[in-house]
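Hi,

Here is the structure I promised to pass on. Have a look at it first, and then read my notes below.

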Amino acid sequence: MVKQLFLALFLLVAVRPVCAKPVVQASNYPLAYFAQRIAGERIDVQFLPPPDGDPAFWEPSDADIGKLQSADRILLNGATYEKWLAHVSLPDSLLWDTSEAFAPRFFTIKDTTTHSHGKEGAHSHAGTAFTTWIDFSQARLQAESVLLGLVRLLPDARKDLEARAATLTTDLDELDREMLSLARAIGDQPLVASHPVYHYLARRYGLKIESVLWEPETVPDEAALQTLRGVLTKHPAKWMIWEGTPAPESVAKLRTLGLGSLVFAPCGNRPETGDWLTVMRQNLGNLRAIPGPR
Ligand SMILES: [Zn+2]
């Protein structure tokens, strides 16, 4: 009996060292970045979606599901971001929805056109817009929710987590203020976006954005250009906002239509260089290319 008890204790310790850091899974990179900023070395932040896809269309493998099930907390973007949740059984106690506070203000997209992104299957952007964090006031609410979720895991570290979260919310407030002032300079000028992911940015900052369904790495063919010309007749934009660096040929084709190109990366996935904050600061810097209205 005593032997069995020792064996049980040994197994318990072997499986889960008592001093192990809590494992926090983040369903997108912005949440992983927020969690890391707030808890630093106190937690093991994991972000499973592969680097070359959009985490919003991620389909976890069996191994991924095992990792999700053994996490101490799973940070969710909410706003229909985690389509995989419908196929994975996880206890509610693990899930932490970071956008619940502003759920009544989710934006609904009516367009039902389907398309695919490279290797990923066909999808539509109809329904709830999920790129919530590029409204930086919403990003702040999500960061505050991440803080609450992490304090539950590490109640003894509350003071430290709150202090670290305050430096993050200061950065988010600064992005919000700068974006508001940039948007005032842009004014009512029509803009086009390469993909329908900028609804919250447009709404918060009063930008006039119409979207097409282009990809940065795909050079628009004649049909795509025709669609854009159609948009331009009612919405005479001089700039296209891209999710990533466009192919030089695409930039040249747009130039012949009188449009400049600039990048505003939503940064739902981990960037090749820098982090979420440096990418957002770069985005704002890129928007400064747009001159004020004449
Ligand atoms: Zn898409």
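I'll start with one residue, Leu228, which sits in helix α7 (residues 222-234). Keep in mind throughout that this is a predicted model. Leu228 counts as buried because it has 21 C-beta neighbours inside 10 Å, and the cut-off for that is 20 or more. Leaving out residues up to four places away in sequence, Leu228 touches Val192, Val212 and Leu257. Val192 is 36 residues from Leu228 in sequence, and their C-alpha atoms are 8.8 Å apart.

Lys234 belongs to α7 too. Is Lys234 buried or exposed? Lys234 is exposed, since 8 other C-beta atoms lie within 10 Å, and 12 or fewer is what the exposed class asks for. From Lys234 to Pro190 the C-alpha distance is 9.5 Å, with the two positions 44 residues apart in sequence.

Now the overall layout. The protein is divided into domain 1 (11-105 + 138-168) and domain 2 (182-287). Their C-alpha centres lie 30 Å apart. Where they meet, 11 residues of domain 1 are in contact with 7 residues of domain 2. Which helix gives the largest share of the domain 1 side? That is α2 (residues 29-39), with 3 residues. By class, the domain 1 side has 8 nonpolar, 2 polar and 1 charged residues.

Helix α2 deserves a closer look. It is mostly covered, with 11 of its 11 residues buried. Among those buried residues are Tyr29, Tyr33 and Phe34, and also Gln36 and Arg37. What do the buried residues of α2 pack against? The strands are β1 (23-26), β2 (44-46) and β3 (73-76), and the helices are α4 (136-153), α5 (158-186) and α9 (276-287). After α2 comes Gly40, with a positive phi near 50 degrees.

Next, the strands around β3. In a regular strand the side chains alternate between the two faces of the sheet. In β3, Arg73 and Leu75 point one way, Ile74 and Leu76 point the other way, and all are buried. β3 runs parallel to β1, with 3 bridges joining them, and Gln25 stands opposite Ile74 in β3. β3 also pairs with strand β4 (residues 95-97), again in the parallel sense and over 3 bridges. In that pairing Leu75 stands opposite Trp96 in β4.

The loop between β3 and β4 holds Ala79. Ala79 counts as buried because 24 C-beta neighbours lie inside 10 Å, where the class needs 20 or more. Setting aside neighbours within four places in sequence, Ala79 is in contact with Ser99, Phe106, Thr128, Phe130 and Thr132. Between Ala79 and Pro196, which are 117 residues apart in sequence, the C-alpha distance is 15 Å.

Then there is the helix pair α4 and α5. Their axes are 9 Å apart and the packing angle is about 175 degrees. That makes α4 roughly antiparallel to α5, because angles over 145 degrees count that way. On the α4 side the residues that meet α5 include Phe136, Ala143, Leu147 and Leu150, while the α5 side includes Leu161, Ala165, Leu168, Leu172 and Met179. By class, this contact has 12 nonpolar, 2 polar and 5 charged residues. Among the residues in the contact are Arg140 in α4 and Arg158, Glu162, Asp173 and Asp176 in α5.

Last, a second set of strands. 4 strands form an open sheet with parallel pairing, in the order β10-β9-β11-β12. Why is one side of β10 and of β12 left without a neighbour in the sheet? β10 (208-211) and β12 (260-263) stand at the edges, and each has a single partner strand, so one side of each stays unpaired in the sheet. Neighbouring strands of this sheet are turned by 30 degrees against each other on average, direction ignored. Strand β11 (residues 239-242) runs parallel to β12, with 4 bridges joining the two, and Ile241 stands opposite Leu262 in β12.

Over to you now.

Cheers

Conventions. Residues numbered from 1 in each chain as written. Predicted model: local features only at pLDDT ≥ 70, side-chain atom pairs only at ≥ 80, totals over all residues. Domains from an automatic or database assignment. Contact = placed C-beta atoms within 7 Å. Nonpolar A, V, L, I, M, F, W, Y, C, P; charged D, E, K, R; others polar. Pairing = 2+ DSSP bridges. Axes fitted to C-alpha atoms, helices over the stretch in contact; angles between N-to-C directions. Parallel < 35°, antiparallel > 145°, perpendicular 65-115°, else oblique.
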